[in-house]
Amino acid sequence: MPRFQRFQDFFGTYDGSYDGRRARLVIGDVKTDSPWPMCRLTFTELERNQVYVGTHIHKGPHDHVLTDIVLKQQEGSGQVTWRRLHLHTWDTSHLSGESIWDGIEFGMSFTRAEG
């Protein structure tokens, strides 16, 4: 059970629930000269077979909380907006967060995939 130490602890593949639907989230490194930590997110809503991608520059005060994430649909014009994505500090195999759709909040939770 690794504990949170740095921003890079987000990196990995996670399986979980997106408002009750099966989903997968992959968070990876972005090589850049930015003074701020940056990551690439690929979110797949498995039941609808929809993929959303984007990069996120983290400028928040807490390294274990990403805020105001916008991901664009890979094949289409849709997007998802996540107000918060928390990496649990006592066990970094868990993520939870809050998605916003039409001004309404919806929950999500993920567990790091094995392997």
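Let me begin with one pair of residues: the bridge partner of Ser17 is Ser109, which sits in β8. Before I go further, please keep in mind that what we are looking at is a predicted model. The pair I have just named belongs to the pairing of β1 with β8, where 5 bridges join two strands that run antiparallel.

On its other side, β1 pairs with β2, again in the antiparallel sense, and here the pairing extends over 7 bridges. Within that pairing, Thr13 stands opposite Val26 of β2. The connection between β1 and β2 is a hairpin with 2 residues between the strands, and Asp19, in the turn, has a positive phi of about 50°.

Let me now place these pairings in the whole sheet. There are 8 strands, and they close into a barrel in the order β1-β2-β3-β4-β5-β6-β7-β8, with antiparallel pairing. If we ignore direction, neighbouring strands of this sheet are turned by 30° against each other on average. Further round, β6 and β7 run antiparallel and are joined by 6 bridges, and Thr81 stands opposite Ile100 in β7.

Next, the interior. Which residues have the most contacts inside the largest nonpolar core? That core has 22 residues, and the ones in question are Leu25, Ile27, Leu41, Phe43, Trp82, Leu85 and Leu95. Two or more residues each are given to this core by β1 (12-18), β2 (21-29), β3 (38-45), β5 (65-73), β6 (79-87) and β8 (104-112), and the largest share, 4 residues, comes from β6. As a general remark, nonpolar side chains in soluble globular proteins tend to be buried together.

Leu41 is a good residue from which to look around. If we leave aside its neighbours within four places in sequence, Leu41 is in contact with Leu25, Val26 and Ile27, with Tyr52, Val53, Gly54 and His56, with Ile69 and Leu71, and with Trp82 and Leu85.

I would like to finish with a residue in a loop, Ser93, which lies between β6 and β7 (94-101). Is Ser93 buried or exposed? Its relative accessibility is 19%, and because the cut-off for buried is under 20%, Ser93 counts as buried. The side chain of Ser93 makes a polar contact of 2.6 Å with the side chain of Asp91. Not counting residues up to four places away in sequence, Ser93 touches Tyr14, Phe110, Thr111 and Arg112. Of the strands I began with, β8 spans 104-112, and β1 and β8 are the antiparallel pair joined by 5 bridges.

Notes. Residues are numbered from 1 along each chain as its sequence is written. This is a predicted model: local features need pLDDT of at least 70, side-chain atom pairs count only at pLDDT 80 or more; totals for chains, interfaces and linings use all residues. Side-chain values use heavy atoms; hydrogens and water are left out. A nonpolar core is a set of buried Ala, Val, Leu, Ile, Met, Phe, Trp, Tyr and Cys residues joined through side-chain atoms within 4.5 Å. Buried means under 20% relative accessible area, exposed over 50%, partly exposed in between (1.4 Å probe, protein chains only). Contact means heavy atoms within 4.5 Å. A polar contact is a pair of N or O atoms within 3.5 Å; within protein, one must be able to donate a hydrogen and the other to accept it, and residues adjacent in sequence count only if both atoms are side-chain atoms. Two strands pair if DSSP finds at least two bridges between them. Axes are lines fitted to C-alpha atoms, for helices over the stretch in contact, and angles run from 0 to 180 degrees between N-to-C directions.
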